[in-house]
Amino acid sequence: MITTIGLEIHVQLATRSKMFCGCSTAFGDEPNTHICPVCLGLPGALPVLNATAVQLAIGIAMALGCQLHEVSEFSRKNYFYPDLPKSYQITQYDRPIATGGSLPIATAGGTRAIRLTRAHIEEDAGKSMHAADITLGGETLVDFNRCGVPLIEIVTEPDMQSGDEAYEFLRSLRRLVRWLGVSSGDMEKGAMRCDVNVSVSPDPSRHGTKVEIKNLNSFRSVKRAIDYEEQRQAQCLADGTPIPMETRHFDEALGTTAPMRSKEASNDYRYFPEPDLPLLMLGAAELASVREHLPELPWEMQARFESEFGLTPYDAALLTEERSTAEFFQRTVVISNNPRKIATYMETEVAKLLNERGKTLSETMLTPEALAGLLTMVESGIISNTASKDVLPLLVDTGVTPDEAVRKLGLEQVSDTSAIEELARQVIIENAAQAEQFRSGKEAVLGFLVGQLMKKSKGKANPKLAGELLRKLLG
Amino acid sequence: MNSELPRSLDQYRRAVRTHVLSPTEYLQETREVIEQNDPQVRAFLHLRLDAAISESKAAKSSSLLAGAPIAIKDNIMMAGEPCTCGSLMLEHYVAPYTATAVQALLSAGAVVPGKTNLDEFAMGSSTENSAFFPTHNPQDLSRVPGGSSGGSTAAVAAGFALGAVGSDTGGSVRQPAAFCGVVGFKPTYGLVSRYGLVAFGSSLDCIGPITRSVRDAAIMLNIMAVHDPRDATSLRHAPVDYEASLQPSLAGKRLGIIHELQGLDVQPEIARAMEDARRAALQSGASVVEVSVPHILSALPAYYIIAPAECSANLGRFDGVRYGLHLEGRDMTETYSRTRNAGFGSEVKRRILIGAFVLSAGYYDAYYKKATDVRQLITDELDLALQSADVLLTPTTPTTAFKLGAVSDPLEMYKADVFTIPANLGGLPAISFPAGTDESGLPIGLQLMGPRLGDADLLSAANVLFTSLGGAS
């Protein structure tokens, strides 16, 4: 039994204005506040292409290794729906901006490239909001704020074999679009949407019947829908029930899929070239300029972190989840060449703090210089590792230098031998029983005594020095 | 009308500038003419004479149009005014913005006496397809003014306006101009912004001036031909002074006659007018050459696939959801169906159905794709022909204006567009100018076509032929 999965993903391009007019693309505002004659499709209004949308699309396509076409064409996709005010969507049909390319994903068997069929740009429709009792004559309201927002649609080859792989693909794509700054990639805000094609076949050399699944509103829904569909189709094959080629709707609450009405699924869209827009020509200069500004890609950086800095695949993946984190790490390593220690500290202490603050790294005051400085202070014994955890919040919240923070908190480690020796004497007197145990050869008790000393010094004593002095006095 | 009143925009402008005439005085005279004659002609769907008169008081005599009344076809937006497109679908629609071309005219000092009648959504050749009433030809009230810009050409011919704005998708400015005895000019595609023109066939639609002289068309084009960032098909080009480009003769010019159109059946007086024009051209120093456009007779069928295809998409937005006519159904589909069935007239429905058919799966290649291939072929052939001739002369129409109700077969009506359609397919500038009358005294129009962006030379050639055939510059 083999499962074959292909995805069609819509990614909202992060432009400030819509694809064919100057209206804002802001999400979550009062309905129908970002509208004009153009995006409302009023009679006589005409579309004018947003050049930034094209640039962002070129960036994604380039990062995905697609072949960009010097000439591409917009088409009209005709269908009637209340949220489609022109009665056609401006999209690209037989001449898309890009074809081919691939995206690497992590699978159980290692990294694998998922091939892409094509990528094209198009406008979004408005948003229909159905009253719960629509079938009982409830109203449908339409918000046109989203209407005309630019999208790139990415279509994969049927290269995935499980819900987990589809999930990984989406994660990898989201990481890329965020990395490039071309989209927020938020599925819950509709900035990334996904339709799935699944087929199960008993014969590994042939695909089964393609079933399309719609209404997938999260990565998890995608995985759940595929898992369900895989099992449903396998059952059909086992029972000898025919599997029709159809479009199915995922029910989030039940975790099941059900056929959509054939009316919704089968449409003759009567595509034809959009006469209101000239052919889209990509100049060599434009492509070169986008290429020049293309950053090192996440999977490239991830591989380099492993090979150049000796990070584990796990650490490298974690640190390249977001571009700002990866670049922060990279800059910190340049200042203080201790990549593994930096990685660990970022993944534990820094991550914990960010989590508490509900912020991303770039939203805080922490700088690579400060983090490098802090870790150097721990390394050279100026403060203890424990004390560093009290310093970090100051660096994160106020942006002071580690020196200032340590002074402010009065945390300099005491490495003054006479001061520590005095404390050691007191500890031996106050813990006479444990001191005697140590003398009689119970080495492990030393840790307890050092702890007592640290407590007395309020954590400031250099623990290494404290141990040495205790040993000397007890010897 | 007072016989001393100016006949042309050019004369008007001079009279106002020399303070012989005040814009308000002229508009009041115009109002009388309209009130007296429009009840018979019925050129206007909406009049705004009070507003126009009050606007004329503010008109600067130094402005380019100095308060001249310019009528606007009712498929072009003027903010705050109705824009019905001659359709029940938009009977109560009020324009929320102003078309770029109209704004240019208003900024140049034009005042708008009203919005003119048209075939519904500009689909037709007689203005009989208006959902409201037909317009009558001012030269003979029993006859049609042509269409679809019949209201605009009738208004100019009847003295209701010094100029008018029409739209031309397959001849809708030139054919009614020919029928009414005025000048109708379709500029190069993209020269005048389409922003604010209700789309019919987007790749063919052009806004163009309707005037009493070729010079007046040049004056209006000077104002309307501006690059518009709101229209992606608007051309960027170096500014040209079309009026200043008018030359006194055709010396050194090559007038082309299209071989393949010679055998077509045209009214004898129109054939004679072609001869007159040819002689006038020779006398003015032109040479006459015969050129070949082998597939030009396929222009008509190609057009009646491409234009309906585009219109089927363009008119989809009239679904009763957001504006315009709305007839409630049991569900969305029935609401669409009831609204569109009641809102569109039969010619519009016919074209939407043809358009949806030629674009549908399984027929696209045989019809739409084939038609666009033919269009490209004809465009290339016209371009080639315009290398051996500077302008091409044809009749505008095979006949002069027919009687209201005389043509009921749509195919008969379509066939009469044979001369005007090639310019739309090729995006070429083309002009119809009056060239005498037939035996019943009905105006005859001849057409000149030129190369893309050769609008200035085309107007110049048309002006020479127009004046030498009796037109007043």
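Two strands pair if DSSP finds at least two bridges between them. Strands are DSSP runs of E, at least two residues long, and helices are runs of H or I, at least four, both numbered from the N terminus.

This is a predicted model: local features need pLDDT of at least 70, side-chain atom pairs count only at pLDDT 80 or more, and totals for chains, interfaces and linings use all residues. Residues are numbered from 1 along each chain as its sequence is written, and chains are lettered from A in the order in which they are written.

**Exercise 1.** Work out which strands of the sheet S5-S4-S16 (chain A) stand at the edges, and why one side of each lacks a neighbour.

*Solution.*
- Start with S4 (residues 75–78) of chain A: S4 pairs with S5(A) in the antiparallel sense, over four bridges.
- Pick out one bridge: A:Arg76 has A:Ile90 in S5(A) as its partner.
- Now take the whole sheet: it is open, has three strands and pairs antiparallel.
- S5 (88–91) and S16 (272–273) of chain A are the edge strands; each has a single partner strand, so one side of each has no neighbour in the sheet.

**Exercise 2.** Place A:Cys23 and decide: buried or exposed?

*Solution.*
- Locate A:Cys23: the loop between strand S1 (2–12) and helix H1 (51–63) of chain A.
- Apply the cut-offs: buried needs 20 or more other C-beta atoms within 10 Å, exposed 12 or fewer, partly exposed in between, with C-beta atoms placed from the backbone.
- A:Cys23 has 22 C-beta neighbours inside 10 Å, so A:Cys23 counts as buried.
- Check one distance: the C-alpha atoms of A:Cys23 and A:His34 are 5.5 Å apart, with their positions 11 residues apart along the chain.
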